[in-house]
Each structure stands twice: as C-alpha cells, then as structure tokens.
Amino acid sequence: NHAVYVLNQAPNSQLSSGLHYTLDDGQTWAQSRAQGLSGALIQIAVHPTEANVVALATEGGLYLSNDYGNNFTQVGQIAPITSASFDPDGSRLYFGHQGLNAYNLENGEIDSLQIPTVAGDDAIGFIASNPVSDEIAFATYNKDIYLSADNGESWEQIAQKGVGES
C-alpha cells in the first residue's frame with residue numbers, strides 16, 4: 001500500500017509532534033492518537049496491503065493497531081522489541097530483539113523461531129522476507145546477517161560484522 005507512518009519527535013513546519021500517517025505520498029497528513037503504547041519507539045512496520053494496520057516495536061513490547069495508529073494493543077510479552085516486519089502477503093508479523101517470533105494475524109498465535117544466538121549488546125535490527133519464496137533474513141546491530149531458505153527452520157550466516165561469508 002502507499003501508507004507512510006512517521007513519529008515526529010518535535011513539531012516542525014509541517015507536523016506537530018506525535019504519530020502521523022499519509023495515504024497520498026505526503027500531500028496531506030493525519031495525526032494518530034497512539035493510545036495504549038508503552039516504551040520508546042524503536043521501529044515502525046506497515047502492513048503491505050492494509051493501510052490502516054501498523055505495528056510499532058518499542059522498548060516496552062510490540063504493539064499493533066488496526067485503526068491507523070489511533071489505538072494499539074500489545075502483542076506478546078512486555079519486553080523490548082527492536083525490529084518488526086510484516087511478511088509480503090500480510091498474514092504474519094515477524095518481530096524480535098534477541099529472539100525471532102512470528103505473529104499470525106489471522107488466529108493470534110505466536111511462534112518462536114529457532115535462530116542463531118544473538119546476545120550481549122547485540123539485537124535484531126532488521127527483518128525481511130522474500131515475496132516469492134520461503135526465505136527470511138535478519139540482520140543484527142553488529143552487522144551479522146542470517147538467511148533461512150526454509151521459512152525459519154534452519155539458518156545460514158551470510159555476513160559477520162558486515163563482511164560477507166565466502
């Protein structure tokens with residue numbers, strides 16, 4: 001979809017502070033109420049086909065809204081979440097910090113994926129899934145990148161500290 005969400009920390013000439021969204025490439029903006037959130041925002045994920053669905057990864061957990069960010073409900077436990085990403089068909093929401101989970105938007109179930117160890121001061125910074133295959137990838141803040149070709153059943157490290165594996 002063409003929805004863009006932004007959290008504006010301080011008012012500027014275009015937007016007041018808070019969560020905003022646009023459905024027309026930034027021509028007009030609407031402010032969301034952002035009710036029900038806890039913790040500082042780390043990352044925003046927008047549903048690939050439904051503009052009204054947005055997820056926020058925060059220091060206090062993962063939050064999901066079905067009404068353009070006006071009201072959020074917590075998904076999973078109260079724990080830091082550093083990354084969130086919808087899969088291309090919008091049926092699952094991947095999220096994590098030092099572990100990786102998949103939230104099924106249809107039935108509300110959360111599955112934990114077995115991933116290589118992410119520990120210490122490192123955390124998952126980015127999650128992506130391939131729209132035409134069962135590939136999932138994640139990258140950590142320390143620039144380690146892992147790829148699964150089988151929907152998270154097994155993982156291969158393809159970069160370590162930003163250097164590709166040969």
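Two strands count as paired here if DSSP finds at least two bridges between them, and with that in mind the tour of this predicted model can begin at a strand in the middle of one such set of pairings.

**First stop: strand E6**

Select residues 61–65, which make up strand E6; five of the five residues are buried, so the strand is largely enclosed by the rest of the structure. Now add residues 73–75, strand E7, which runs antiparallel to E6 and is joined to E6 by three bridges. Within this pairing, look for leucine 64, which stands opposite threonine 73 in E7.

Next, add residues 54–58, strand E5, which is also antiparallel to E6 and is joined to E6 by five bridges. Threonine 58 can be found opposite glycine 61 in E6, and if you trace the chain from E5 to E6 you pass through a hairpin of two residues.

**Second stop: the largest nonpolar core**

Keep E5 and E6 on screen and add strand E8 (83–86) and strand E9 (92–96), since each of these four strands supplies at least two residues of the largest nonpolar core. That core has 13 residues, and the ones that touch the most other members are Ala55, Leu62, Leu64, Ala84, Phe86, Leu93 and Phe95. Centre the view on alanine 55 and show what surrounds this residue: leaving aside neighbours within four places in sequence, alanine 55 is in contact with Gln43, Ile44, Ala45, Leu62, Tyr63, Leu64, Phe86 and Leu93. A second, separate core of twelve residues includes Tyr94, Val118, Phe138 and Tyr146, and two of those residues return at a later stop.

**Third stop: the largest pocket**

Select Gln77, Ala79, Ile81, Phe95 and Asn101, which, of the 14 residues that line the largest pocket, are the closest to its centre. The space in this pocket comes to about 210 Å³. To see which elements give two or more residues to the lining, colour E9 and strand E11 (110–113).

**Fourth stop: an open sheet of five strands**

Move on to the open sheet whose strands follow the order E12-E13-E14-E15-E16, with antiparallel pairing. At its edges lie strand E12 (124–129) and strand E16 (163–164), each of which pairs on one side only. Inside the sheet, E14 and E15 pair in the antiparallel sense over three bridges, and selecting leucine 147 leads you to its bridge partner in E15, glutamate 156.

**Last stop: aromatic rings**

Show the side chains of phenylalanine, tyrosine and tryptophan, among which the count comes to four aromatic pairs. One of them joins phenylalanine 138 and tyrosine 146, a stacked pair with 5.0 Å centre to centre and 25 degrees between the planes. Are these two rings buried or exposed? Because the cut-off for buried is under 20% relative accessible area, phenylalanine 138 counts as buried at 1%, and tyrosine 146 likewise counts as buried at 8%.

Phenylalanine 138 also forms an edge-to-face pair with tryptophan 155, at 5.1 Å centre to centre and with 70 degrees between the planes. This second pair links distant parts of the chain, with phenylalanine 138 in strand E13 (residues 136–140) and tryptophan 155 in the loop between strand E14 (145–148) and strand E15 (156–160), 17 residues apart. Tryptophan 155 is buried too, with a relative accessible area of 18%.

To finish, select Tyr5, Tyr21 and Tyr68, which ring pairs link into a cluster.

Conventions:
Residues are numbered from 1 along each chain as its sequence is written. This is a predicted model: local features need pLDDT of at least 70, side-chain atom pairs count only at pLDDT 80 or more; totals for chains, interfaces and linings use all residues. Side-chain values use heavy atoms; hydrogens and water are left out. Buried means under 20% relative accessible area, exposed over 50%, partly exposed in between (1.4 Å probe, protein chains only). Rings of Phe, Tyr and Trp (its six-membered ring) pair if their centres lie within 6.5 Å; planes under 30 degrees apart count as stacked, over 60 as edge-to-face and the rest as tilted. A nonpolar core is a set of buried Ala, Val, Leu, Ile, Met, Phe, Trp, Tyr and Cys residues joined through side-chain atoms within 4.5 Å. Contact means heavy atoms within 4.5 Å. On a 1 Å grid over the protein atoms alone, a cavity is a set of points where a 1.4 Å probe fits but cannot get out, and a pocket is an open set with protein on both sides within 12 Å along at least five of seven lines; lining residues have an atom within 4 Å of a point. Grid points are joined across faces, edges and corners, and a volume is the space filled by probe spheres set on the points.
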